[in-house]
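Colleague: Got a minute to walk me through this one? I'd like to go over it question by question.

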Amino acid sequence: MADWLINYGSWCLAPFGLLGMYVAGLKKTWGWLVSMGTQALWAVYAIGTGQYGFLVGTVSYFLVYLNNWMLWRTGRSLVVRVQSAVRRLRGRETPAEGAP
């Protein structure tokens, strides 16, 4: 199984990545979902073949696709959402006793 995955896995995954980018280019938000799903499959490929360097790219691409999906869907990017969440958490934090 590992030999098949190493030899043909990337050939099977590449069309899905292209499909996601093509559909996103047509301004369809579900294109980003296809792209995110493809990155999950690339992560399985990376682990299954022992090519762990792929995981760095997979996580990076996934985060970019997630950001774009959120931006297109809601008008707010992932970065803005994280910043808002951090601000809310900081507002709820109470300083430790004796802290300045």
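What follows is a short back-and-forth about this predicted model.

Colleague: Let's start with the overall layout. In what order do the elements of the protein run from the N terminus on?

Modeller: Keep in mind that we're looking at a predicted model. There are 4 helices and 0 strands in the protein. From the N terminus on, then, the elements read α-α-α-α.

Colleague: And how much of the protein counts as buried?

Modeller: The cut-off for buried is under 20% relative accessible area. The protein has 100 residues, and the part of them that counts as buried is 27%.

Colleague: What about contacts between residues at least 6 apart in sequence: what share of them join residues at least 24 apart?

Modeller: Contact here means heavy atoms within 4.5 Å. Take the contacts in the protein between residues at least 6 apart in sequence; the share that joins residues at least 24 apart is 44%.

Colleague: Now the packing of α2 and α3. Are they roughly parallel or roughly antiparallel?

Modeller: Two packed helices are described by the angle between their axes and the distance between the axes. For α2 (residues 30-49) and α3 (residues 53-74), the axes are 9 Å apart and the angle is about 165°. Angles over 145 degrees count as roughly antiparallel, so α2 and α3 are roughly antiparallel.

Colleague: Which hand does the crossing of α2 and α3 have?

Modeller: This is the pair of helices that pack at about 165°. As α2 passes α3, the crossing is left-handed.

Colleague: Which class of residue is missing from the contact of α2 with α3?

Modeller: On the α2 side, the residues that meet α3 include W32, L33, M36, Q39 and W42. The α3 side includes G57, T58, Y61, Y65 and W72. By class, the contact has 16 nonpolar and 5 polar residues, and the class with no residues is charged.

Colleague: Q39 caught my eye in α2. Is Q39 buried or exposed?

Modeller: Q39 is found in helix α2. Leaving aside neighbours within four places in sequence, Q39 is in contact with G57, T58, Y61, F62 and Y65. Its relative accessibility is 8%, and with the buried cut-off at under 20%, Q39 counts as buried.

Colleague: On to the rings. What kind of pair do W32 and Y65 make?

Modeller: The structure holds 6 aromatic pairs. W32 and Y65 are 33 residues apart, with W32 in helix α2 and Y65 in helix α3, and the pair links distant parts of the chain. Both W32 and Y65 are buried. Their ring centres are 5.7 Å apart and their planes are at 35°, so the pair is tilted.

Colleague: And what kind of aromatic pair do W32 and W72 form?

Modeller: W32 in helix α2 and W72 in helix α3 are 40 residues apart, so again distant parts of the chain are linked. W32 is buried at 10% relative accessibility, whereas W72 is partly exposed at 35%. Centre to centre the rings are 5.4 Å apart, with 85° between the planes; over 60 degrees counts as edge-to-face, and so this pair is edge-to-face.

Colleague: Which residues form one aromatic cluster?

Modeller: We've met W32 with Y65 as a tilted pair, and W32 with W72 as an edge-to-face one. The cluster consists of W32, Y61, Y65 and W72.

Colleague: Let's do the loops. Which residue has a positive phi although it is not a glycine?

Modeller: Look at the loop between α1 (2-25) and α2. The residue there counts as exposed, at 67% relative accessibility. Its phi is about 65°, and the residue is K27.

Colleague: How far apart are the C-alpha atoms of G50 and I6?

Modeller: G50 sits in the loop between α2 and α3, and G50 is partly exposed at 39% relative accessible area. G50 and I6 are 44 residues apart along the chain, and their C-alpha atoms are separated by 9.4 Å.

Colleague: Last one: how far apart are the C-alpha atoms of L33 and G20?

Modeller: L33 lies in helix α2 and is partly exposed, with a relative accessible area of 41%. Along the chain, L33 and G20 are 13 residues apart, and the separation of their C-alpha atoms is 7.5 Å.

Definitions and conventions:
Residues numbered from 1 in each chain as written. Predicted model: local features only at pLDDT ≥ 70, side-chain atom pairs only at ≥ 80, totals over all residues. Heavy atoms only, no water. Axes fitted to C-alpha atoms, helices over the stretch in contact; angles between N-to-C directions. Helix = DSSP H or I, 4+ residues; strand = E, 2+ residues; numbered from the N terminus. Parallel < 35°, antiparallel > 145°, perpendicular 65-115°, else oblique. Left-handed = near helix turned anticlockwise from the far one by under 90°. Nonpolar A, V, L, I, M, F, W, Y, C, P; charged D, E, K, R; others polar. Phe/Tyr/Trp six-rings, centres within 6.5 Å; stacked < 30°, edge-to-face > 60°. Buried < 20%, exposed > 50% of the residue type's maximum accessible area, 1.4 Å probe, protein only.
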